[in-house]
Amino acid sequence: MNGNDDNSGFYITTPIYYVNDVPHIGHAYTTIACDALSRWHRMRGDGTRFLTGTDEHGQKIQQAAEKRGMKPIELCDEVVMNFKKLWKALGISNDDFIRTTEERHIKVTRYFFEKLMASDDIYKGLYEGWYCVPCETYVPDAQMGEDMLCPDCKRPLARMSEESYFFRLSKYQEALIRRYEARPDAIMPRVRYNEVMNFIRSGLQDLSVSRTTLKWGIPVPGDERHTVYVWLDALINYISAVGYPEPGGKWESCWPCVRHMVGKDIIRFHAVIWPAVLMAMGLNPPVRVFAHGWWTVEGDKMSKSKGNVVDPFEMVDIYGADSFRYFLLREVPFGNDGDFSELGMVNRVNSDLANDIGNLLNRTLQMIEKYRGGCLPPSAVFERSCDADAALRGLAEKTLAGMDSQMSDFSMDGALKTLWVLIGAGNKYIDETQPWKLGRDDPDDRLDIVLRTLWEVLRLASMLIFPFMPETAARMRSQLGLEEDISVERYPDWKWGAHLEPVSVKKGGVLFPRIDIPKWKADYDARMKSRAEALSAGSGNVSAVSFDTERKPAIEIDDFKKLEIRVARIESAEKIEKASKLYKLGLDLGFERRFIVSGIREFFTPEQLIGKKILVLCNLKPAVFRGVESNGMLLAAEARDGSGEILSLAVVDGDFPPGAPVH
Ligand SMILES: [Zn+2]
């Protein structure tokens, strides 16, 4: 295996987005971050490639399509359009967009499977475990909480057993540990590195990589009853998109420098499973997997039922793509969780954008127009620079190096802070040199030096700001009398005073008009009000009760007759140690007494339960929860309202005797 990374290239990927959702702030954040990094590296002159795309297979897509009476691919096509539209609105500069339903991807996924089977890294076995249908994942016993619910989506798990192909993940445990010990920056930030290392050290088990229950997926080569596990299918996109394994394909230059950007919830797939699969294929694991944090909205968890999901299209409409991009990348140390607040964004627009950079440009150009008729003084004036001019120049040159190192650590907030130190220094330099006085009283070249110094700072800023705010960079450059197209700049070649030809500036409209807070607040309140009204009028009514509407196939009466359901009287309800959601319920079945374990503690007090006559499935095989044996399962109706899950026990009326069967 070739362990050398190629540091002259930069290939970055977003996760491929699952198409069961409309694009929201989380998708926008990841993609904007990758966009800023790619633009930085292109400007640096690095061989850069930026990939995004969509994950289109899986049960959820199949079900969502069925619900809408569509074919899965029709649903995918529709959602993909929304993503592409958003990337356009946000100024995303991806070089490619991969869809896992594309032939170029399917072909490579099958190639992976075949090759791994041939090397015995994939083998056939029997899988039994607790499965979460919505998440399409088996939940290992060690990760299952006392409540027996999926740790990710908190829905009930189903016991499943199936023939399955397995990937020998266990075989790569030591190799992964060695790799990450040697390269602590391969997983960032540090907290994720530690999390992954602990997980690997706790022992890796072979991974089931096929399903027989899923139809909407890629068939396993040579055994078409099986479908490739959607996660394996999805991960392969990163290399199928660059033409692997064709000789001479883009992957040959891209793969040695690949970086994956992911949300922190999917770090294990990218930092454990994927590198192991790559090692088994004889390919380099990714140079870096970076997991960013999550956004809350106005201090609250984002959710459809709360109606507080941030719509990136709306943010672009109101504030413009660049303000939105700037806020997301500047507000939160990259890697941490953040809180999205529109007022917070408005404040940043007013202070950082309108006040700091907008003013610096405006004041400088105004003076060049007023005192020099719009003609930029030549750079020869720098020969007579004084200490204050040289200090600002020194800071500018340091800014370039500082930002480069921060960007290589993916610290985008840090890079922006560094740039803003320079912008602040530029404004201070105007206050201190007082060019308006020089214009009247100073017969020598002082004014020329000051104006040219300020222009150089802005020329640099227009370049350094480009990865974060591409439209703003172009507008600044046109006002500064520079070519708008940033591709003329390669910042390793950037030099103070390098423009020797005459330049005439032309002050345009203000970069960022100040947002009037009282006016903005009135508009904001009106938007929130109409959103709340739409929510309570529409299907997403917050106070309405909803429930699972998934239908099941018809069964024979004999199937039903296998169930032994009886009336049982609850005699006792004890808490189970260290299991905050479980009760051990003592039941009187008339002819016998028994115990069951039930996850209903958050819904009922013992007083509400004792004495109730409930319905119990008696012939369910015993199971042990937290060391307590459970002999049966109670029946209850389940739904959700605005507050979360709600439950109602199935009970019988009146004096009915415990033990009576239910037909
Ligand atoms: Zn789940």
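Two residues are said to be in contact here if their C-beta atoms, placed from the backbone, lie within 7 Å, and this notion will be needed several times in what follows. The model is a predicted one, and its chain is divided into domain 1 (9-292), domain 2 (324-493) and domain 3 (557-649). By the contact criterion, 17 residues of domain 1 are in contact with 19 residues of domain 2, while the centres of domain 1 and domain 2, taken over C-alpha atoms, are separated by 40 Å.

The side of domain 1 that touches domain 2 can be described through the elements that build it. At least two residues of that side come from each of α1 (25-44) and β14 (288-292), and α1 gives the most, with 10 residues. Sorted by class, the side of domain 1 that touches domain 2 has 12 nonpolar, three polar and two charged residues.

For the setting as a whole, the chain has 21 helices and 25 strands, and its C-alpha atoms fill a box of roughly 110 × 60 × 45 Å, taken along the principal axes. Of the 663 residues of the chain, 38% count as buried. Among the contacts in the chain with a separation of 6 or more, 71% are accounted for by residues 24 or more positions apart.

The interior comes next. The largest nonpolar core holds 143 residues, of which Ala33, Leu329, Leu419, Leu458 and Ala461 touch the most other members. Helix α17 (residues 446-464) gives the most to this core, with 12 residues, and the core draws at least three residues from each of domain 1 (9-292) and domain 2 (324-493). Leu458 offers a closer look: once its neighbours within four places in sequence are left aside, Leu458 is in contact with Leu360, Leu361, Thr364, Met476 and Leu480. A second, separate core of 15 residues includes Leu582, Leu585, Leu587 and Cys618.

Helix α13 has a feature of its own, since this helix, made of residues 342-372, bends by about 40° at Gly358. Another glycine, Gly373, lies just after α13 and takes a positive phi of about 60°.

Turning to the strands, one may begin with β5 (residues 122-132), which pairs with β7 (residues 158-167) in the antiparallel sense over 10 bridges; along this pairing, Lys124 stands opposite Tyr165 in β7. Strand β5 also pairs with strand β6 (residues 137-139), again in the antiparallel sense, over three bridges, and there Trp130 has Val139 in β6 as its bridge partner. The hairpin of β5 and β6 has four residues between the strands, and in this hairpin Glu136 takes a positive phi near 55°.

Elsewhere, three strands form an open sheet in the order β10-β12-β11, with antiparallel pairing. Because β10 (210-211) and β11 (219-220) stand at the edges and each has a single partner strand, one side of each is left without a neighbour in the sheet. Two bridges join β10 to strand β12 (residues 223-228), and the two strands run antiparallel; Arg211 stands opposite Thr227 in β12.

Technical notes: Residues are numbered from 1 along each chain as its sequence is written. This is a predicted model: local features need pLDDT of at least 70, side-chain atom pairs count only at pLDDT 80 or more; totals for chains, interfaces and linings use all residues. The bend at a residue is the angle between axes fitted to the seven residues ending there and the seven starting there. Domain bounds come from an automatic or database domain assignment. Ala, Val, Leu, Ile, Met, Phe, Trp, Tyr, Cys and Pro count as nonpolar, Asp, Glu, Lys and Arg as charged, and the others, Gly among them, as polar. A nonpolar core is a set of buried Ala, Val, Leu, Ile, Met, Phe, Trp, Tyr and Cys residues joined through C-beta atoms within 7 Å. A residue is buried if 20 or more other C-beta atoms lie within 10 Å of its own, exposed if 12 or fewer, and partly exposed in between; C-beta atoms are placed from the backbone. Two strands pair if DSSP finds at least two bridges between them.
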